[in-house]
Amino acid sequence: MEWKYNFIPFVLLILLSIIISISTSLNENQSIDEIVSKYILKYQSKNGNLDNNQNYNNNNYINSNNNNNNNNNNNNINIWVHFKEKLTKNKIDSNHFGISEKSKIRRLSRGNNNLINNNNNNNNNNNNNNNNNNNNNNNNNNNNNNNNNNNNNNNNNNNNNNNNNNNNNNNNNNNNNNNNKNYNFIDENDYPINQKYIDEILRIGNTENNSTIMKERKRSKWLNSVSFSLIINQEMLSPQQSCPDKLKEVLQLISSNENVNKISIVNQLNIPNTKNGLETKQQQQQQKKQQKIIEINNNNKLNGIESELNDDDDESNESNIFDGIDYGKSFSQLDQIGVLEAHRLGYKGNGTTIMVIDTGFLKSHESLIGLKIHGERDFIEHTGNTESGGLKQISHGTFVLSQIGGNKPGKIIGVAPNADFILAKTEIVSEEIPIEEDYLIESLEWGESMGADVISISLSYTQNYQYWQRDGTSPLSKAIDIATDKGVVVVVASGNDGEIGVGPPGDSKLAITVGAVDSYGDIATFSSYGPTSDGRLKPEVSAKGVLCFGADDGEIDSYRYTSGTSHATPLIAGSVALIIQAHPNWTPKQIKEVLLKTASQSQSPDNFKGFGIINVVSAIKDQPSIIKTASIQDIEDDCISNDGIIINNQCVCSHNSSDSCSAKLRCSFVCSFNKGKCSEYDCFRCLDPKEKEQSNGREKCQPISDIDQENPNYSNISKIKFPLLLIITLLLLKVIIQ
């Protein structure tokens, strides 16, 4: 009769799975619960070990007897409120959008706008023009079809309706071609957020008894979202109510508002180079390897991954001279990606605008004195000076900026020294306060409106997202995609987390994400690798990120070596500017394509270096795909919908193809390493391990070979560990029962 008991272990497993699924289904508002959990964890780290069962009114949690403002500031959380709709029906004068002429030109030549004014609003324009003529100076175009007016002042205001009503207009002004664009540079993302929506949220968040205080932080027109700071005033709560309970109550009221689409937490970002623990044994070993090819004074002591240079190191070296220019110790990092030859051909960034988002910049450094600054803004202190905050504050940004725009022959030459620059300071290093993504999104929107052609971002926040959440849907990643649609090429560091994977904003669907290699072209051990949790190739390209050379903030004439994907990124960003100089009408998609298909391993891309080390000269001389037929357009549409990449009118790395690249993107090691679970039905998707998956008519994924995955740390032992433990557990249960 022993057979009666053999099924018991399996019954127990089935019951366990049912319990897990029930507990998961009970979580009706995971978004709110996640925000509350992060709120609790915030104070666990500041006030000792706390758990959900603790009395949160305890003074050890938050000192309610002290009315100091700092306590209120500590007892807050920053949230995004994403709204459903915008009011885009009302006509707004183009000047009110705050978009520079350079941005308009870039949008028209390289953008991918979905126009909302050209066709959708023509009827409204015709119906309302007669009432608005006096105020808008549009009467030349609206009602005078045979008007021959050549006045320049009137012509500047005739953007709204040239194409709609002027079939017989004989206006011969030289600006007529620009006027005929008819708001082509404006899309829905540029319209302001409805103020009534914001007022309603503030009304909910600011309770009558001041138990909660809500303040607006930042607005993102692109995302139709507003970030708010929500403070829980514990003094005004009842004895029975905890701060987390009150937070959840307010969040539920906000979420139920008819104008709210969803709410989420404002995540924090860190500079990969300085805050993700780069001083590891792997990096020290790789650094020693690089010392063989980089001449550093023997008296210099390497600290972590940095090395200060003495005056003796500044002596000219003939091997650093190319085409009569002494590139100093920046020679190797430029030579590896073809920049020296591009410079010889005259491509140094002339006529392009590069935005650098970082910690601040020592503009008085000798290598940056001649920098052409088109605009700058401190988004922390709300000033127009990005050099404030002391030397520690501006260290990282100074180094990055010198890699792109430095120009001190014999010491350093940047990738694009003749470009114009927009500088954004977005982090307070001295106070160790990480940048929060709403500040960075604000800087993105500002830089795009100022006319940036390229944006370089050396920030990452993988620690705030579980791996299965890193699929390009974060607010910052979406903002980068919007900037790209407006014609801006955004270049982002993959991060320094290795197998932890690429996180936002490196997981953006349209950004160019950069990995780090050493001087030999080998992948840096710290460089974060892909794929993303939804199965896309990241990083796409690579450049030198081990012992890069750049300006130091210690003195105006000091330099140093340092490592990180932070320093591979500006090399790629500067290279993009050279391509734009050569081909000013190429779109971001076309620029990415030529970079990828001319890179060192374009025939065999992988999750570590992407398509490989770029060659900017080859990219300049190449040509992107051109859509000539409907069938080619269909191929591209299908490729993009399956997260693929178009190279020479062919789709690669797609979820719908069988090439080797696609196999490498299937869910495997990175997901399991980061405690996720691979979907049984979507072969490229990593899921929350608690998520209950339905087949919905889909077939189960077929297993793939380990070779195709190319995951170096994915040992056979790790693959069999869980099944082995399960078998042992079942056997033990059987023995116990018998």
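This passage goes through the disulfides of a predicted model and how well their cysteines are hidden from the surface.

The model holds five disulfides in total. Numbered in sequence order along the chain, the bonded cysteines pair up as 1-2, 3-4, 5-7, 6-9 and 8-10. Three of these links are taken up here, beginning with the pair Cys639 and Cys651.

The sulfur atoms of Cys639 and Cys651 sit 2.1 Å apart, and the two residues form a disulfide. The link is right-handed, with 80° about the S-S bond. Cys639 belongs to helix 23 (residues 630-641) while Cys651 belongs to strand 22 (residues 650-652), so this disulfide ties together parts that are 12 residues apart in sequence. The two ends of the bond don't share a surroundings class: Cys639 has 0% relative accessibility and counts as buried, whereas Cys651, at 23%, counts as partly exposed. The cut-off for buried is under 20% relative accessible area, so the 23% of Cys651 puts that residue in the partly exposed class.

Next comes the link between Cys653 and Cys661, a disulfide whose sulfur atoms are 1.9 Å apart. Its torsion about the S-S bond comes out at about 105°, which makes this disulfide right-handed. Here both partners are tucked away from the surface, as Cys653 and Cys661 are each buried.

Then there's the disulfide that joins Cys671 to Cys686, with an S to S distance of 2.0 Å. This link is right-handed as well, with 70° about the S-S bond. Cys671 comes from helix 25 (residues 669-673) and Cys686 from strand 24 (residues 686-687), so the pair ties together parts that are 15 residues apart in sequence. Both ends are buried: the relative accessible area is 1% for Cys671 and 2% for Cys686.

Two further cysteines deserve a quick word on accessibility. Cys243 counts as buried, at 0% relative accessibility. Cys548 is also buried, with a relative accessible area of 0%.

Put side by side, the links of Cys639 with Cys651, Cys653 with Cys661 and Cys671 with Cys686 are each right-handed. A helix is tied to a strand in the link of Cys639 and Cys651, and again in the link of Cys671 and Cys686.

Conventions. Residues numbered from 1 in each chain as written. Predicted model: local features only at pLDDT ≥ 70, side-chain atom pairs only at ≥ 80, totals over all residues. Heavy atoms only, no water. Disulfide = S-S within 2.5 Å. Helix = DSSP H or I, 4+ residues; strand = E, 2+ residues; numbered from the N terminus. Buried < 20%, exposed > 50% of the residue type's maximum accessible area, 1.4 Å probe, protein only.
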